[in-house]
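Please examine the structure shown below. The explanation that follows takes up a contact between chains, then a division into domains, and finally a single helix.

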Number of protein chains: 4
Amino acid sequence: MVVVMEERASEEQVQHVIAQLVEKGFDVHRSTGQLRSVLGAVGGNRSFDTRLIEVMDGVHEVLRITEPYKLASRTFKPERTTVSFGEFRVGGDEVIVMAGPCSVETDAQISASAAAVRKAGAKVLRGGAFKPRSSPYSFQGLGEEGLRMMRAAADAEGLKVASEVMDVSQIELVARYADILQVGARNMQNYTLLRELGKIRTPVLLKRGISATIEEWLLSAEYVLSGGNTDVILCERGIRTFESYTRNTMDISAIPVVQKLSHLPIVADPSHGTGLRDKVTPMARAAVAAGADGLIIEVHPDPDKALSDGAQSIFPSQFDRLMAELRIIAPAIGRSICLDPVARRGWGT
Amino acid sequence: MVVVMEERASEEQVQHVIAQLVEKGFDVHRSTGQLRSVLGAVGGNRSFDTRLIEVMDGVHEVLRITEPYKLASRTFKPERTTVSFGEFRVGGDEVIVMAGPCSVETDAQISASAAAVRKAGAKVLRGGAFKPRSSPYSFQGLGEEGLRMMRAAADAEGLKVASEVMDVSQIELVARYADILQVGARNMQNYTLLRELGKIRTPVLLKRGISATIEEWLLSAEYVLSGGNTDVILCERGIRTFESYTRNTMDISAIPVVQKLSHLPIVADPSHGTGLRDKVTPMARAAVAAGADGLIIEVHPDPDKALSDGAQSIFPSQFDRLMAELRIIAPAIGRSICLDPVARRGWGT
Amino acid sequence: MVVVMEERASEEQVQHVIAQLVEKGFDVHRSTGQLRSVLGAVGGNRSFDTRLIEVMDGVHEVLRITEPYKLASRTFKPERTTVSFGEFRVGGDEVIVMAGPCSVETDAQISASAAAVRKAGAKVLRGGAFKPRSSPYSFQGLGEEGLRMMRAAADAEGLKVASEVMDVSQIELVARYADILQVGARNMQNYTLLRELGKIRTPVLLKRGISATIEEWLLSAEYVLSGGNTDVILCERGIRTFESYTRNTMDISAIPVVQKLSHLPIVADPSHGTGLRDKVTPMARAAVAAGADGLIIEVHPDPDKALSDGAQSIFPSQFDRLMAELRIIAPAIGRSICLDPVARRGWGT
Amino acid sequence: MVVVMEERASEEQVQHVIAQLVEKGFDVHRSTGQLRSVLGAVGGNRSFDTRLIEVMDGVHEVLRITEPYKLASRTFKPERTTVSFGEFRVGGDEVIVMAGPCSVETDAQISASAAAVRKAGAKVLRGGAFKPRSSPYSFQGLGEEGLRMMRAAADAEGLKVASEVMDVSQIELVARYADILQVGARNMQNYTLLRELGKIRTPVLLKRGISATIEEWLLSAEYVLSGGNTDVILCERGIRTFESYTRNTMDISAIPVVQKLSHLPIVADPSHGTGLRDKVTPMARAAVAAGADGLIIEVHPDPDKALSDGAQSIFPSQFDRLMAELRIIAPAIGRSICLDPVARRGWGT
């Protein structure tokens with residue numbers, strides 16, 4: 001940490017700050033300039049609240065020089081992490097596409113979804129069994145019955161399963177059926193949940209909170225990593241801004257930013273990122289062009305009849321076309337989108 | 001809901017929209033103008049996702065005419081709600097002040113805090129035993145031991161107790177010691193937690209999420225209310241904006257806005273609202289001047305040694321002075337701030 | 001406009017609102033429901049301030065059903081506009097790339113820039129002669145001398161010229177040298193300037209204000225269009241959000257949104273959109289993948305020595321590589337990026 | 001500036017950064033720690049773009065230790081500035097209230113406004129003759145005729161005049177009639193205008209841009225101050241956030257923040273800050289309670305008939321009541337609101 005003293009700070013004030021820093025376990029190095037003193041403080045605790053120094057008399061500003069997260073940083077682990085589940089892995093050359101309906105509704109609906117997305121090249125079936133809804137009067141999901149339906153549909157198509165876990169009490173249940181556990185944007189700072197997910201070994205897909213900075217997001221990943229679960233996939237899904245035409249503003253630039261700061265893979269969710277069906281396709285293309293390691297997309301065989309988020313779900317035919325476009329775009333940055341997971345199995349990875 | 005068709009919409013498109021609305025349970029009334037058709041749809045489900053209509057061909061815009069919350073609205077209950085705990089109540093003529101340290105740390109610290117804030121006129125002792133921290137490496141609270149200490153300190157001074165509950169698993173424990181259960185900003189959309197809080201009868205203080213709209217906040221209150229717990233106090237504690245000088249931007253205007261839309265009482269938290277000690281006092285004054293029903297303020301006997309949020313905690317002497325200023329301001333809007341809860345007990349309320 | 005009355009609104013209040021609407025020139029249609037009355041008001045003035053009705057007693061909400069802009073809307077002109085300058089046009093199948101340094105500095109610098117960007121496939125040379133700088137102590141541009149240098153460098157390479165105009169007093173001068181006049185983000189609501197630009201016939205590139213909604217942006221375009229200048233190109237260049245890692249958050253989704261609402265072409269500026277050199281390339285790719293009609297990019301032969309914005313300027317070699325990547329991506333959405341404007345001249349457009 | 005090198009930075013990279021800093025005129029001091037090197041750079045140019053160092057290889061982060069503004073800072077001038085116009089001054093013990101209609105419309109309207117606001121205790125008549133409107137189809141103001149009417153109305157009541165200047169070309173004209181020149185939020189970064197206002201000696205009321213950080217706002221003040229005009233009054237008028245219930249979110253905390261960073265007086269505009277009539281009064285009280293040096297409020301004798309912003313204008317009777325409330329609140333922080341400028345004249349200031 002660097003402490004910049006005010007130009008008018010007295011020598012007594014400077015000494016008081018130094019004493020406080022030493023007491024908190026820092027080594028202090030002082031530079032006395034013509035205009036002001038600047039103190040460099042090293043050591044101490046990574047989670048030290050720098051505002052404690054900021055409010056001291058004579059202090060102009062305190063600047064932190066270490067990121068507050070460690071395990072999630074490139075400094076700690078320079079090479080990129082790949083997260084594997086079965087024969088697939090996120091973070092390698094292949095752009096992995098996860099697709100399916102917002103909620104699991106019926107056996108027929110989830111089976112039709114699985115067949116459609118597999119055929120187009122998706123590797124993971126997504127679908128919610130427990131739904132966080134902003135209104136208590138909305139459809140809240142089918143629970144375990146939904147998980148069972150989704151697992152069966154995925155297995156029939158050779159797909160993996162990703163599903164959301166909303167509360168500590170659901171972890172064991174969801175992990176029994178799913179290969180990837182999603183943490184929704186509203187739970188990004190549910191620390192009780194994150195801590196428990198650190199204790200298991202199922203990959204976690206951690207969505208960015210609707211108003212979370214990238215730093216806060218990586219700190220939430222740190223909760224999972226510090227528990228010993230190293231398989232964390234980050235997911236950009238739009239942030240809240242003043243623009244209200246789209247439901248959220250998808251922060252495409254978060255993709256290259258995260259890839260610079262962290263070794264963790266990052267995927268993008270253009271369905272929640274925009275909230276509007278006709279914006280999903282262009283934003284999915286943009287995410288892959290920007291370097292995303294994967295996509296998670298809502299596809300529904302009959303969106304107008306969907307029990308939740310139908311308005312942001314695309315039709316299977318739109319999904320087919322999107323996948324074809326992505327197969328042109330991915331090579332521009334040295335990535336690929338493979339066609340058929342069934343065929344692929346023979347190749348090994 | 002009002003559906004505005006595009007100027008170029010065909011008659012077939014209009015009919016398709018009408019059919020869809022009728023199927024969803026709405027009664028539809030059509031106005032055909034020179035330029036375009038407008039459809040009024042009444043009935044149906046309060047939580048209907050209007051985007052389902054928005055994505056239909058020929059639709060220009062869909063406008064919702066009913067708030068998605070009901071029990072929290074003034075339409076449902078025109079007269080203001082007061083929330084009582086013991087002899088005190090929030091939402092009446094008296095501005096209720098809750099104060100104390102961010103975290104309970106030791107018996108001596110919490111006792112000194114309780115004595116200091118009671119003397120200055122606070123009615124409720126606040127303090128955290130379970131702390132949600134953005135870094136996994138920060139102090140996480142004393143748990144039940146902290147609750148026990150706080151209860152004892154409050155009882156010795158005739159104060160009530162407010163403390164945070166972070167997870168469903170903590171409700172029973174915290175409710176055993178506290179008179180008011182706080183739901184933190186990060187948990188404002190933890191629906192599992194809200195639903196459980198609807199089942200008990202302890203008052204809930206629901207903080208606004210850092211990027212929650214007022215509508216979303218009232219919808220979260222609706223989760224608690226719809227469970228049968230009518231004692232909800234809302235708490236404005238700052239929203240996230242582009243301005244980074246203050247930790248958050250305290251939305252003082254949310255106070256009169258909430259009071260117009262809802263019957264629930266609203267208090268303000270200038271400590272988290274600004275994150276900086278020297279901004280707490282002016283913002284506390286502003287909140288009361290704007291009509292807040294109460295305040296919740298971090299006061300620490302020795303902020304520089306606090307284990308959490310010391311930088312936004314004020315000294316007891318600053319709190320004394322603030323209370324004196326508030327006693328001048330409150331009468332400007334027909335409110336009062338009473339002096340001493342011990343003396344007050346004799347009067348009844 | 002649709003006026004939703006409160007459930008408790010009295011008949012007298014409803015009548016008072018109707019009278020007010022009629023007085024303002026609207027025709028009013030009333031629907032009386034079980035719960036509340038809803039008034040449809042048509043006619044009147046497009047710029048009527050609906051808040052005037054919103055503050056009346058008994059009014060719950062007022063919903064506008066017409067966009068406040070007209071000439072910029074797809075409703076007014078369904079087919080897409082292409083803006084031509086010489087043999088080039090923005091808004092057609094070709095993605096037009098404008099590139100060059102932030103500021104014109106010397107003859108050598110601008111000539112080297114022109115040669116480099118032309119060779120890679122750019123069609124327009126960009127560069128500032130008048131610079132809006134947030135600090136009065138920063139480099140403010142070379143003025144007319146810079147324009148002269150840029151014109152000469154562009155002519156030598158067969159490029160067109162785009163340059164910023166900051167004030168009404170500069171229009172005539174800049175228009176003498178440039179083929180496209182840029183209006184910077186800070187001037188997006190400088191109505192005096194916009195009005196004057198409506199009177200000339202040089203194409204205008206209108207950047208989105210840092211916190212402008214898409215609606216406000218189109219209203220600013222309306223100022224130019226309503227003066228008679230129909231050649232307006234919109235430019236997304238990043239909006240201000242809470243995320244501070246990037247200078248701005250580039251709103252890629254604005255590209256498909258604008259293309260739905262308006263017939264005007266839209267280009268993207270990834271240099272200002274991110275503010276960081278290593279993010280320019282991925283965001284440029286993303287913009288083209290999302291459907292942008294063009295790009296405007298800062299390229300400097302020696303960015304570390306640039307007098308302004310060097311940190312967001314890319315090297316010519318990075319620009320070469322970006323153009324190669326874009327040539328792979330553009331066909332995915334039926335667009336092209338042509339190689340050489342000199343060769344191209346023979347073909348006609 | 002402090003340059004934090006990456007942990008993995010090579011010695012060559014460190015030397016390259018040092019060389020670059022020295023070339024740019026900085027003196028460099030290096031601290032080599034166990035984990036990384038940190039470079040302190042002093043001297044150089046206040047407006048140096050630190051991103052130039054940030055993009056160099058091996059650099060982790062660059063931290064600026066000097067505010068980019070100088071004349072506006074408390075470091076430069078520790079004692080508070082008071083801005084005088086005639087017998088009044090902003091920034092002293094008295095809270096100065098400026099009030100009047102959004103636009104000057106007729107002689108009768110402006111005279112009635114002047115009489116009403118003077119009687120309640122306002123010292124300055126506000127009103128627009130040139131109006132910046134987001135739609136080209138809205139009422140644009142009466143121009144010089146409006147200024148003449150306002151001057152006459154103010155003189156008749158012993159009031160001063162504040163009016164907006166939108167463009168360099170209007171400065172001379174408006175300054176002939178007004179005592180205070182307002183710069184609107186949309187023009188806060190119109191540097192051509194600010195520079196010209198630095199050359200005159202009429203006080204300038206500089207509104208905060210709708211998305212301007214406090215630092216950018218003070219930099220804009222610096223443009224005026226650096227031209228030699230030291231009479232700058234800052235005006236908080238609401239910032240743009242995700243909350244859409246109010247037109248803007250009034251940043252009340254900006255009042256104490258500005259008073260800490262700068263010596264310039266600051267007033268608040270609750271009319272634009274909220275955009276809704278019934279929120280003006282609580283927010284005006286909040287601003288004074290937070291320490292504002294003054295208020296600027298829209299008051300209209302017949303708001304429902306106002307040609308602009310009627311919905312946020314309060315009635316004279318509401319203004320009377322607000323002033324009575326403010327007279328109770330102001331003494332809580334050692335301020336006063338004087339009753340009658342006519343009477344006051346005898347006392348001198």
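In this predicted model, the contact between chain A and chain C draws on 32 residues from chain A and 32 residues from chain C. On the side of chain A that touches chain C, at least two residues each come from helix H8 (254-261), helix H10 (277-289) and helix H11 (316-329) of chain A. H10(A) gives the most to this side, with six residues. Sorted by class, the side of chain A that touches chain C consists of 19 nonpolar, eight polar and five charged residues.

Chain A itself is divided into two parts, domain 1 (2-63) and domain 2 (83-345). Taken over C-alpha atoms, the centres of domain 1 of chain A and domain 2 of chain A are separated by 45 Å.

In chain B, helix H7 (residues 214-226) merits a closer reading. Its 13 residues, at 1.5 Å a residue, should span 18 Å, and this agrees with the end C-alpha atoms, which are 18 Å apart. How is H7(B) placed relative to the rest of the structure? Because 10 of its 13 residues are buried, H7(B) is largely enclosed by the rest of the structure. The buried residues include Ile214(B), Trp217(B), Leu218(B) and Leu219(B), and among them are also Ser220(B) and Glu222(B). The buried residues of H7(B) pack against two helices of chain B, H6 (191-197) and H8 (254-261), and against strands S11 (204-207) and S12 (232-236) of chain B. After H7(B) comes Gly228(B), which has a positive phi, near 115°.

Definitions and conventions. Residues numbered from 1 in each chain as written. Chains lettered and ligands numbered in written order. Predicted model: local features only at pLDDT ≥ 70, side-chain atom pairs only at ≥ 80, totals over all residues. Contact = placed C-beta atoms within 7 Å. Helix = DSSP H or I, 4+ residues; strand = E, 2+ residues; numbered from the N terminus. Nonpolar A, V, L, I, M, F, W, Y, C, P; charged D, E, K, R; others polar. Domains from an automatic or database assignment. Expected span 1.5 Å × (residues − 1). Buried ≥ 20, exposed ≤ 12 C-beta atoms within 10 Å, placed from the backbone.
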